[in-house]
Amino acid sequence: MRFLTLIFGTVGSGKTAEMFKIINKLQEHNLRCQPAQFKKFVVFKPITETRSDQTTIISRTGQTFNQVIAVNNTQNLKLEIAKYPNHIIIIEECQLFEINSDDIQAFVALIKELLKQNRQIILGGLIQNSHGQKFDILSSLCSEADEIINPHTTCNCGQIASRSQRLQMGYPTPITDPIFLVDNSFSHDLGYSYEPRCNDCFELPLEPHPNLKTFRSILAEIKDLKDQQNRP
Ligand SMILES: [Zn+2]
């Protein structure tokens with residue numbers, strides 16, 4: 001049956017926990033049914049997601065699912081989905097397919113094509129980037145959705161958080177920074193973090209705070225020194 005579920009929210013809102021509720025229900029169904037009635041499903045995620053290893057998704061509450069198929073772009077995703085013609089399709093962290101902007105239309109077209117084939121699809125991810133602007137994939141699929149799950153958490157001030165605030169050394173990052181920072185151990189070394197914030201507390205300064213400027217210039221000096229040392 002054609003059925004599109006979108007799960008989106010801010011960082012820390014419990015998106016992955018909502019995804020696990022669906023996965024758990026499918027697994028429970030399969031435990032109590034005969035193979036002919038199984039609801040087969042397959043989970044994909046883009047390979048740039050490095051919060052966990054490439055074949056695992058992990059919620060902030062610690063639940064894990066370790067049979068994930070990692071894909072590196074929409075073309076790769078399409079080829080992998082073709083191997084599972086009768087499965088429910090689950091895709092985590094959909095916003096990361098927007099790192100390559102050419103992929104956005106291809107991804108949306110792929111989902112619409114699968115819906116035409118009466119497939120059931122569940123997509124999870126962020127709907128807003130760190131600049132407070134929409135991500136195109138999930139927002140442009142809202143009108144196609146049969147179900148939208150939008151969990152939210154609270155800002156430190158107590159109001160409902162609807163934004164994902166990016167910080168470096170605790171300071172909001174400026175509008176001049178790129179939208180995507182690949183989340184790897186290197187970016188943790190550089191002091192990046194994210195927190196849920198409400199519309200009132202969300203900050204997108206035009207330039208970095210003076211202390212952040214100092215921190216960044218020290219980082220640049222260290223990098224220069226390392227580059228010099230590594231030069232043959
Ligand atoms: Zn707030």
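The buried residues of helix 3 pack against strand 1 (3–8), helix 2 (74–81), strand 6 (88–91), strand 7 (120–125) and helix 4 (136–141). The model is predicted. It also holds a zinc ion, whose protein donors are Cys155 (SG), Cys157 (SG), Cys198 (SG) and Cys201 (SG).

**Helix 3**

- Helix 3 comprises 14 residues (residues 103–116), which at 1.5 Å a residue should span 20 Å; its end C-alpha atoms are 20 Å apart, in agreement with that expectation.
- Asp103, Ile104, Phe107, Val108, Leu110, Ile111, Leu114 and Leu115 are buried in helix 3.
- These buried residues cover an arc of only 155° around the axis, and therefore lie on the same side of helix 3.
- In an α-helix there are 3.6 residues a turn, so residues three or four places apart point the same way.
- Gln105 and Lys116 are exposed on the other side of helix 3.
- Asn118, which follows helix 3, has a positive phi, near 60°.

**Zinc site**

- The four cysteine SG atoms named above lie 2.3 to 2.4 Å from the zinc ion.
- The angles among the four donor atoms are 103 to 117°, and the site of the zinc ion is tetrahedral.
- For four tetrahedral donors, the ideal angle at a metal is 109.5 degrees.
- Along the chain, the donors of the zinc ion follow the spacing C-x1-C-x40-C-x2-C.

**Exposure of two zinc donors**

- Cys155 has a relative accessible area of 5% and is therefore buried, the cut-off for buried being under 20%.
- Cys157 has a relative accessible area of 43% and is partly exposed.

Definitions and conventions
Residues numbered from 1 in each chain as written. Predicted model: local features only at pLDDT ≥ 70, side-chain atom pairs only at ≥ 80, totals over all residues. Heavy atoms only, no water. Donors = N, O, S within 2.8 Å, 3.2 Å for Na, K, Ca; no water. Tetrahedral: all angles 85-135°; square planar, octahedral: opposite > 155°, others 65-115°. Buried < 20%, exposed > 50% of the residue type's maximum accessible area, 1.4 Å probe, protein only. Helix = DSSP H or I, 4+ residues; strand = E, 2+ residues; numbered from the N terminus. Expected span 1.5 Å × (residues − 1). Arc of directions from axis to C-beta. Contact = heavy atoms within 4.5 Å.
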